[in-house]
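Me: I should like to learn how to read some features of a structure. Please show it to me before we begin.

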Amino acid sequence: MTGSGGTLALLSYGRVLVASLDKARRQASHSLPAWVLGCAALVAAVFFVQPFPWSASPLGVTCQDLAIGESLLHGFGSKDISYSMPMQSVLCAAVRHVPAGSQPACVLALWSAALLLAFTLGCLLHSPLAGGLSALAASRLIVPGLEYDNVYPLFVLLVANVLVWAGRGPGLGQGLALGAAVGLSVLERSPLFLFPFVAAGYSLWVQDPGSRGRRWPYAASLVAVPALILLPWVWMNYALHGRIILFEENRAAFNIVTGAIGAVSTIEGDLRHLVSLADGTGALAWALGRILEHPLDFLKVFGARAVSILGEHPALFLLAAAGAFFSRSRHEFRLCGLLVAYYLAVHCLMSVRPRYFTPVWPVLCGMSAGFLAELALPVSGRPGTRLCAGVVSALYALCAGMGLFVLAKVMAHPARPDRARLEERLSARPDLACLWAESGRERLARGDIKAGLADLRRALLLGPRPDRALELARALILADSPQQGLVHSLDQTGADWNDRVRRHLLRALAFLREGRSREAEAAFGEAERLRSPVDTPALRSTPYDRELQERLNIGYRLLYRELAALLKPLPPAEQIALLQRGLVPGRGAKERASPFALLLRDSDWWLDVAGQAHAAGDGKGFLAAGLQAAQERLSPAAAAALLDRCRGIGDPALAVPLLRRLAALRPRDPAVLLALASGNLKLKAGAEARRWLERSTSLPLGQAQLHQALDLCRALADQGCARRLLELSTKLHPRNPGYWLERAHLAAQTGRRKEAAAHLREALALPLQAAGLLRAAGICRNMGEDGREFELLARLSHAEPDDPGLWLAMADLAAEGGRRGEAIAYLDRADSPGLAPDQRLKQAIILQRLGLLSRALAILDSLAAADPRNAGYLSSRGVVRALLGRGPDAVSDLRQAVSLDPRSLQSYLSLGSLLDSSCRTDEAIRVYQDALRRPGSDQPAVRQAIRRSRAVLLERRKAGASRAGCGSAPRR
């Protein structure tokens with residue numbers, strides 16, 4: 001008994017001792033030593049980072065982000081403004097705008113804020129000791145800087161901290177706070193855009209500390225707030241681009257597509273050289289279709305990406321996973337695990353780089369530190385919660401302030417930035433280098449090289465920067481300045497990758513200016529070597545990745561287009577002459593591989609240049625670029641595009657030389673030959689036009705080409721050619737009533753009534769649509785067979801009794817035939833509220849011819865009230881008012897019609913006649929002279945009538961006679 005009792009007492013004592021030690025250890029986590037250890041770890045984190053922030057220059061950022069940020073800060077245009085989310089670009093620009101000595105301090109402040117949030121995350125997950133360990137580990141994984149992977153960890157850590165706090169008791173306030181944190185993170189980068197839905201679903205369907213009634217407002221606010229924060233960004237993009245852009249524009253498109261086709265790591269290149277996307281198909285839609293076709297292949301590659309990322313920091317992942325497992329009863333660990341799992345899953349859907357995952361490493365640090373601290377000091381309660389809440393609140397306010405500043409700039413950005421706004425900003429802030437740089441770029445784009453050079457020189461003096469030095473060097477080369485050799489001596493050690501490539505391209509252009517073709521080609525080779533992504537570390541993943549990259553490297557020869565883009569401000573002829581200096585004589589086959597030769601033979605490029613010259617009104621530039629585009633190996637698509645350019649230019653003197661070059665390359669293309677015939681006809685070279693027309697009609701013609709050829713035959717008064725074409729057409733297409741109607745029309749025009757009637761019978765024996773019946777009725781009218789025309793229109797009206805246009809046509813016919821009662825009846829039948837404005841105008845004109853002037857005036861008054869700037873309505877109303885004896889009102893209408901549409905010669909004729917009838921001869925003569933000064937050969941009959949009227953008035957004034965019968969109606 002004694003021994004047994006002693007053993008029990010000893011065991012009892014042991015249990016008490018263990019319990020006492022455990023209690024002491026738990027209390028130690030709340031004690032001063034725990035805080036001392038945690039803070040020591042935090043201080044060590046600051047000094048443990050490599051390199052230490054004060055001795056480094058962590059200000060590197062792409063010039064693209066800087067340009068976007070400056071555009072948002074100061075409200076001027078940028079074509080790439082939607083390529084980055086606004087927080088990233090505005091933050092970069094804002095830090096670079098502070099004094100140079102303060103810039104490292106700004107970067108250090110952002111980095112320190114991220115370390116503090118790593119510390120508070122560890123505290124919230126366990127204790128101050130865990131916070132210190134978390135910050136110490138994070139200090140090795142995030143480094144100071146302004147790039148995305150330097151700044152974005154701050155926002156991910158903010159989301160993690162608020163997530164842990166909100167998860168302890170979700171409700172409306174917690175949902176608003178977490179939703180705003182996620183919204184701020186999306187303003188910096190978009191990966192967490194779906195996380196609110198994941199977190200809301202988890203809160204609703206997984207056991208949660210809060211009641212179900214509190215969780216619904218939490219979930220709703222969590223989803224709604226990020227969308228509200230994004231609204232200004234979406235609205236700005238819609239105003240600028242005319243379409244919805246939710247996040248970065250096409251930034252992830254290449255990664256999405258390459259991920260869908262099986263690439264594990266990110267590769268570099270142009271998406272167009274890898275897959276062909278149909279018009280209107282986005283990269284995401286294409287990738288989704290590809291994944292659904294090959295789901296197992298995609299899952300296999302998804303797993304390969306996940307394994308490769310786990311291999312980046314295996315110990316960190318292992319400790320975090322152990323913490324999530326052993327602390328799975330604690331809601332905070334589950335939520336952090338949810339955030340990490342979501343982040344990894346979203347990124348592994350596409351091809352990746354290790355740096356994409358930098359923002360999530362600090363969250364893993366917090367989970368790992370919490371697990372290690374739990375092994376050393378198990379806790380009960382929430383030590384340090386109040387202090388952590390204060391720190392997180394202060395940093396939350398900092399991030400929210402940055403977000404509000406960014407959103408204010410987004411909302412203030414003009415929908416259509418223009419030169420006037422830029423001038424206004426320059427007047428207000430002439431000390432800002434970015435405004436002068438933008439002004440210089442804008443002037444260069446307009447071809448004003450001298451003014452652009454002055455602006456860019458001033459920008460570089462106010463704010464020296466590698467990209468601005470390159471812009472100035474480009475302007476010097478474009479201006480052919482003696483200082484253009486500046487580009488060879490530029491120090492680009494602080495420049496980004498793209499700017500270093502650009503410098504070598506500019507060196508190539510400088511050598512071309514000097515006629516040093518070999519040096520120019522060598523400089524281009526240096527640019528190509530730098531741009532080639534063969535040595536990119538992300539390619540070391542799989543053989544398939546390397547195979548894809550090799551395929552893309554072949555397409556990288558298009559770097560020569562970037563060279564050409566630098567020359568755009570120069571006239572096309574000067575661009576071509578400059579590039580031709582790069583052709584080394586006597587190199588034979590090697591010459592064809594020269595980048596300058598490749599560019600000179602790039603028809604698609606020169607077609608674009610021709611289009612830009614046309615849009616700018618540069619006829620000579622259009623001709624030079626178009627002739628360069630018409631190369632010996634012109635593709636069918638390029639030939640069609642060039643033909644469209646020639647048709648749209650409007651000036652036959654520019655189009656005909658291009659069409660001759662095109663005809664030499666494609667001698668059996670009837671579209672080209674017909675266009676050449678039409679161009680020569682406009683130049684009044686009838687014999688040449690007839691020659692090209694004959695060549696085109698010897699080839700098979702499509703229906704549209706046949707009609708074009710017929711129009712040319714008519715314009716050349718070549719009835720024989722038209723007859724031959726129509727005979728051939730009816731033999732080839734005997735069931736096409738359109739050709740029979742054309743033959744009937746041609747025969748009626750030349751007085752061959754029997755032949756016209758025979759062809760018309762052939763057409764009427766075939767199924768005719770409404771347009772065909774109307775055409776047949778018009779032919780009958782030309783033949784003088786009013787009864788038959790009326791019969792055809794009646795047949796058409798029975799087929800489509802509700803078409804008011806048919807009843808108007810019948811009313812017009814009846815009015816011309818003198819059948820006034822029938823005409824009025826048909827007008828009444830046509831009258832309906834659904835009449836189109838042009839049909840109502842026709843109705844008014846018929847009423848005028850029938851003498852029903854009041855009804856005509858009522859219709860014209862309503863038309864003019866609905867569209868007071870329509871010259872046709874005002875001209876017609878002026879004539880009706882004159883017929884009603886309201887001369888002053890009629891003159892006012894006709895003067896306004898002439899002012900609104902100076903090409904309307906009929907309005908000039910009516911106004912001059914009215915003024916003449918009012919005994920205002922001198923005014924009438926001036927009106928006729930104004931009309932005849934209007935250029936163009938349109939409306940020849942009206943123009944001839946104006947000449948006759950002016951001649952009569954001039955003769956009368958010379959003779960000193962006055963017009964008898966002043967006050968009569970104007971001529972219509």
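Me: How many nonpolar, polar and charged residues does the lining of the second largest pocket have?

Reply: Rolling a probe the size of a water molecule over the atoms shows where empty space is left. A pocket is an open set of points on a 1 Å grid over the protein atoms alone where a 1.4 Å probe fits, with protein on both sides within 12 Å along at least five of seven lines; lining residues have an atom within 4 Å of a point. Here the lining has nine nonpolar, three polar and five charged residues (Ala, Val, Leu, Ile, Met, Phe, Trp, Tyr, Cys and Pro count as nonpolar, Asp, Glu, Lys and Arg as charged, the others, Gly among them, as polar). This is a predicted model, in which local features need pLDDT of at least 70, side-chain atom pairs count only at pLDDT 80 or more, and totals for chains, interfaces and linings use all residues. Residues are numbered from 1 along each chain as its sequence is written, and side-chain values use heavy atoms, without hydrogens and water.

Me: Which residues are the closest to the centre of this pocket?

Reply: They are R96, H97, Q103, G463 and R468, out of 17 lining residues.

Me: What is the mean pLDDT of the protein chain?

Reply: pLDDT is the predictor's confidence in each residue, from 0 to 100. The chain has a mean of 78, and 79% of its residues reach 70 or more. Confidence is lowest in helix α1 (residues 2-28), with a mean of 51, and highest in helix α8 (residues 172-188), at 92. Helices are DSSP runs (H or I, at least four residues), numbered from the N terminus. Over residues 24-29, pLDDT stays under 50.

Methods
Helices (H or I, at least four residues) and strands (E, at least two) are DSSP runs, numbered from the N terminus. Contact means heavy atoms within 4.5 Å.
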